[in-house]
Amino acid sequence: MSNFSNQIRASSSLIRRLKHKFGAAAVTRSFTTAEGHRPTIVHKRSLDILHDPWFNRGTAFSMTERDRLDLRGLLPPNVMSSEQQIERFMVDLKRLEVQARDGPSDPNALAKWRILNRLHDRNETMYYKVLIANIEEYAPVVYTPTVGLVCQNYSGLFRRPRGMYFSAEDRGEMMSMVYNWPADQVDMIVVTDGSRILGLGDLGVQGIGIAIGKLDLYVAAAGINPQRVLPVMIDVGTNNEKLLKDPLYLGLQQHRLDGDEYLSVIDEFMEAVFTRWPHAIVQFEDFSSKWAFKLLQRYRNTYRMFNDDVQGTAGVAIAGLLGAVRAQGRPMIDFPKQKIVVAGAGSAGIGVLNAARKTMARMLGNTETAFDSATRQFWVVDAKGLITEARENVDPEALPFARKVKEIERQGLREGASLEEVVKQVKPDVLLGLSAVGGLFSKEVLEALKSSTSTRPAIFAMSNPTKNAECTPEEAFSIVGENIIFASGSPFMDVDLGNGHVGHCNQGNNMYLFPGIGLGTLLSGSRIISDGMVQAAAECLASYMTEEEVLQGMIYPPISKIRDITREVAAAVVKEAVEEDLAEGYRDVDARELKKLSENQEELLNYVQINMWVPEYPTLVFKED
């Protein structure tokens, strides 16, 4: 109850301030209780309640509730607290982790996922209580890297539906289909077409696992109410021949739609979703590079949507890059002086390049000259080597970063030069990997980085899942030396360097940003998600760490602080939306009040805090349907 009391006190404090600023009339709105603690109207009783994970609380139903909801006699007589329930579950989890494995080839993490998923199917409130309390241990289970394994095996793991499935066979029916979802209010949707799940390729309908995992983190990190989230799979077929031949595959066994046919399916989905839920936010997840940018540009100025692979990855990378500058003992304003070699020119790589260039250009004055100067700080290497203007059929998104031929010749390089050659000649401050090629930062590449002109070079091995990381922290610290900054996309253990020294492995996980971007957009009521809002989120994350921490090589905070990080990031997003005149307000807080709130950081943080759902059992009130 202490959590609830703290939030009520925060709410009351905010009301007093608002009364002082706007007068009593301004406070006739829903600041009377915290998000997640409003009484819940239910239209079911008895076993129907126990079989509904949204409302079931099992042995925690009090005797009064058992009488009110016709549950007496349907549960053991001993009423347990939520703490006792969790203790009992954790004991079972530790015991079942081994027993749930399907033989020695089944990773322990997948067994944990199975057990947690069963709890999710029974009791959502308890599931999120366990997840939040153990976020460092279980985030890698419900999200990367384990979620990749879950997606690969989803047809076999599927037990009960979660989310919605729209397919190419549903064309013309989607507008009516959205009304099959039972929630009248949806705040957050994560949608995928399964075409590029992490670095694992086309997994078709099995990609729904990534949408479910992302939304688990929206709930755990951002406090989005779990009854108002919706994972979505758009099944337009698969080009994965193994799945096309698998008799147990759950999706459409046909090759993927393409071109206008593909676009028509996505267009119909977006129109249907925003017709029923006009205030929803849609996050696009793991779409192929071919479509990621096109769909972002197609919808971003019309709908509240963003692409986490393009914008979220870029924001987290920018935060890390700015942190690396701080770790060198330099101010963040020196970022435009950094020489950066980027390995990978897919949607994530190009997204990071565009965001980093914009950040540099803004620091240099946001002029055309500033953009040109910023562009020259990047050397992009893809599967064919260094990208230059001499290459034929360069991806239009990568073309702005193609190096001029005469310029690279003076650097001793050429079109198609290998990553090792580029690192050797450029002597970069940062080596950034977004290639999805495990081990790409070979011994030779890392040896070449030892000649960096930086006093503390940074290595970002950002590809997911773990097997796709460009190198491990052990390899980086042992080859390049102790005085480096290391970050990865998936979690690794810190490295013992001996003599009491630790090589910090920073996890540049998108979960630092996307929950805060979603929550901040929701609470601002912004019409769109602007580049400025994403930039504000990245800069907030970059400044979260103290000077002492970054000088020790820690550029990202621990996952255990994710709720506080998300609160700060969401506040920064709200503030930026207000400054850009995009905010329209949330619930009874209108744009004018939001503007006043954004002028006081404490009040803005309180506003965010009291709108974050917490996993406490709500009071259930039965009402005849």
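Here are some short exercises with worked solutions on this predicted model.

**Exercise 1. Work out how helices H15 and H16 pack, and decide whether they are parallel, antiparallel, perpendicular or oblique.**

Solution.
- Start with the two quantities to look for: a pair of packed helices is described by the angle between the axes and the distance between them.
- For H15 (residues 308-327) and H16 (residues 347-363), the angle is about 50° and the axes are 8 Å apart.
- That angle makes H15 oblique to H16.
- As for handedness, H15 passes H16 in a right-handed crossing.
- To see the contact on screen, look in H15 for residues including Asp309, Thr313, Ala317 and Leu322, which belong to the set that meets H16 residues, among them Ser347, Gly351, Ala355 and Met363.

**Exercise 2. Do the same for helices H11 and H22.**

Solution.
- H11 spans residues 208-222 and H22 spans residues 514-524; their axes come within 9 Å and cross at roughly 70°.
- Angles of 65 to 115 degrees count as roughly perpendicular, so H11 and H22 are roughly perpendicular to each other.
- The crossing of H11 and H22 is right-handed.
- On the H11 side you will find Lys214, Leu217, Tyr218, Ala221 and Ala222, and these meet Phe514, Pro515, Gly518 and Leu519 of H22.

**Exercise 3. Follow helix H25 to its end and describe the residue Asp581.**

Solution.
- H25 covers residues 562-579, which is 18 residues, and it reaches 25 Å from first to last C-alpha, close to the expected 26 Å.
- Most of H25 is covered, with 14 of its 18 residues buried.
- After H25 comes Asp581, in the loop that leads to strand E16 (585-586).
- Asp581 is not a glycine, yet its phi is positive, about 60°.
- This catches the eye because most residues other than glycine have a negative phi.
- Asp581 is exposed, as its relative accessible area is 59% and the cut-off is over 50%.

**Exercise 4. Find Met533, decide whether it is buried or exposed, and find which residues it touches.**

Solution.
- Met533 sits in helix H23 (residues 531-542).
- Its relative accessible area is 0%, so Met533 is buried.
- Beyond its neighbours within four places in sequence, Met533 is in contact with Thr521, Ser526, Ile528, Val573, Glu576, Ala577, Glu580 and Leu582.
- Take Glu576 from that list: Met533 and Glu576 are 43 residues apart in sequence, while their C-alpha atoms are 5.6 Å apart in space.

**Exercise 5. Locate the cis peptide bonds before Pro145 and Pro465.**

Solution.
- Begin with the background: most peptide bonds are trans.
- Thr144 and Pro145 are joined by a cis bond with omega about 10°, and Pro145 lies in the loop between helices H7 (135-142) and H8 (146-152).
- Asn464 and Pro465 are also joined by a cis bond, with omega about -10°; Pro465 belongs to the loop between strand E11 (458-461) and helix H21 (473-480).

**Exercise 6. Which residues touch the most other members of the largest nonpolar core?**

Solution.
- This core has 168 residues, and Met270, Phe284, Phe460 and Tyr556 touch the most other members.
- Pick Phe460: leaving aside neighbours within four places in sequence, its contacts include Leu321, Val430, Phe441, Ile555 and Tyr556.
- A second, separate core holds 29 residues, including Leu431, Leu446, Ala461 and Cys505.

Conventions. Residues are numbered from 1 along each chain as its sequence is written. This is a predicted model: local features need pLDDT of at least 70, side-chain atom pairs count only at pLDDT 80 or more; totals for chains, interfaces and linings use all residues. Side-chain values use heavy atoms; hydrogens and water are left out. A nonpolar core is a set of buried Ala, Val, Leu, Ile, Met, Phe, Trp, Tyr and Cys residues joined through side-chain atoms within 4.5 Å. Buried means under 20% relative accessible area, exposed over 50%, partly exposed in between (1.4 Å probe, protein chains only). Contact means heavy atoms within 4.5 Å. Helices (H or I, at least four residues) and strands (E, at least two) are DSSP runs, numbered from the N terminus. The expected span of a helix is 1.5 Å times one less than its number of residues. Axes are lines fitted to C-alpha atoms, for helices over the stretch in contact, and angles run from 0 to 180 degrees between N-to-C directions. Angles under 35 degrees count as roughly parallel, over 145 as roughly antiparallel, 65 to 115 as roughly perpendicular and the rest as oblique. A crossing is left-handed if the near helix is turned anticlockwise from the far one by less than a right angle, and right-handed if clockwise.
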